[in-house]
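I am opening a notebook on this structure, to set down what I looked up and in what order. The entries follow below the display.

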Amino acid sequence: MTFDEMTAWDNKLSANPDGGSVFQSAEIAETKRLGGWIPVYRQFDGVAVTILQKPVTFLGNFWYIPKGPGVTTPDQLAAIMPAIREEAKKHHVFAVKFEPELLKSLENHQAITTLGLVPSRSIQPNSSTVLVDIAPSVQDILAGFNQKGRHAINRAIRDGVTAKAVMFTPDNAKVMYDLLVETATGRFESSIRPFDYYYRFWANFYDTGRGSFFFAYAGGQVVSAAFAMFMGTKSTYKDGASVRDKQVYGASHLLQWEIMQWMKERGCTQHDLCGAPPSDRADDPSHPHHGIGRFKTSFNKHITDYVGAYDLPIHAT
């Protein structure tokens, strides 16, 4: 798929009821080819849906719809379910995993299960997340952070930390990847993919103008880095890492603040910090994302919970 074709498909996603999701983007779907997935691009009753297809021995094909379909109510999901079922049968699909960004509630859960969907494990990291409203003025956005967040940003600035968007280059990609590996060492090594995967992922978003690297510097050294992307009016921070042997107070806060301002300049009104503990476990220190949650809720204390993932068995007829 060319970059013009990616942009055209992403524009269709942005016209969905939910305004689109970067996890539904062609940039990510095309990167997934490196892992053996085949992107399937379809529209069902006007809703653009990016599907990832993978064959499973003896069973047929498996479909995964990351953070989609792009609906905002169970009724909208119900309206396109018959068309999705029929298309899945044509592709010899035995099951479809859905991950719609519907808010978590008993009512939504009941409505979804009546469609024949079964709760399953979420794949994407933001089934619970922290969203920041970046529609107001820069001054009002900053004032909306809690005291800890504002203090961290101001302290970093006083200590000479700087943050900025940087160009996508092989050297900067290597800096970003090395920091990811360093940050994951001893904790999340299994989650790190090969460099070629990240390079393709970052390059796709950079070349379509929908993503950028962001580096924070202290003493001339990169101490924190992130990659963020956007679709329509929604931005998302995905990959982030920091130097472990020289932690600089407030550098990561300043970096996120730079990302938010950069995204606002490009018309975004909401920034997703991409992942947090569920709201009912936000204060539980035993949760593996407790520390991440404390950092992200310094920008907005409210954690948004989505319904998560559901599987739909497809029975051949």
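**Entry 1: Arg210**

I began with Arg210, which I find in the loop between α8 (195–207) and β9; for these names I take helices (H or I, at least four residues) and strands (E, at least two) as DSSP runs, numbered from the N terminus. The model is a predicted one, so local features need pLDDT of at least 70 and side-chain atom pairs count only at pLDDT 80 or more, while totals for chains, interfaces and linings use all residues. Residues are numbered from 1 along each chain as its sequence is written, and side-chain values use heavy atoms, with hydrogens and water left out.

Is Arg210 buried or exposed? With a relative accessible area of 8%, Arg210 is buried, where buried means under 20% relative accessible area, exposed means over 50%, and partly exposed lies in between (1.4 Å probe, protein chains only). I then looked for a polar partner and noted that the side chain of Arg210 makes a polar contact with the side chain of Asn11, at 3.1 Å. A polar contact here is a pair of N or O atoms within 3.5 Å; within protein, one must be able to donate a hydrogen and the other to accept it, and residues adjacent in sequence count only if both atoms are side-chain atoms. Not counting residues up to four places away in sequence, Arg210 touches residues including Thr7, Asp10, Asn11, Glu27 and Phe205, with contact meaning heavy atoms within 4.5 Å.

**Entry 2: β9 and its sheet**

From the loop I went on to strand β9 (residues 211–218), which is mostly covered, 7 of its 8 residues being buried. Two strands pair if DSSP finds at least two bridges between them. On that basis β9 pairs with strand β8 (residues 162–166) in the antiparallel sense over 5 bridges, and I note Ala216 of β9 as the bridge partner of Ala163. With strand β10 (residues 221–231), β9 pairs in the antiparallel sense over 8 bridges, Met229 of β10 being the bridge partner of Gly211. The hairpin of β9 and β10 has 2 residues between the strands, and Gly219 takes a positive phi near 60° there.

Which strands make up the sheet, and in what order? I read an open sheet of 6 strands in the order β7-β12-β11-β10-β9-β8, with mixed pairing. β7 (131–133) and β8 stand at the edges with a single partner strand each, so one side of each is left without a neighbour in the sheet. Direction ignored, neighbouring strands of this sheet are turned by 25° against each other on average. At the β7 edge, 3 bridges join β7 to strand β12 (residues 270–272), the two running antiparallel, and Val132 has His271 of β12 as its bridge partner. Helix α8 packs on this sheet, touching β9, β10 and β11, and its direction makes about 60° with that of β10.

**Entry 3: Val248**

I next checked Val248, in the loop between β11 (234–242) and α9. Val248 counts as partly exposed because its relative accessibility is 23%. Its contacts, not counting residues up to four places away in sequence, are Val161, Ala218 and Val223. I also noted that the C-alpha atoms of Val248 and Tyr217 are separated by 9.4 Å, with their positions 31 residues apart along the chain.

**Entry 4: α6 against α9**

How do α6 and α9 pack? Helix α6 (residues 147–158) and helix α9 (residues 251–265) pack at an angle of about 100°, with their axes 8 Å apart; axes are lines fitted to C-alpha atoms, for helices over the stretch in contact, and angles run from 0 to 180 degrees between N-to-C directions. The two helices α6 and α9 are therefore roughly perpendicular to each other, the class that covers 65 to 115 degrees. On the α6 side I list Gly149, Ala152, Ile153, Ala156 and Ile157, and on the α9 side Ala251, His253, Leu254 and Trp257.

**Entry 5: β14 and its partners**

Last, I turned to strand β14 (residues 309–313), which pairs with strand β4 (residues 93–98) in the antiparallel sense over 4 bridges. Strand β5 (residues 118–120) and β14 also pair in the antiparallel sense, over 3 bridges. Tyr310 of β14 is the bridge partner of Phe98 and also that of Pro119.

Technical notes. Angles under 35 degrees count as roughly parallel, over 145 as roughly antiparallel, 65 to 115 as roughly perpendicular and the rest as oblique.
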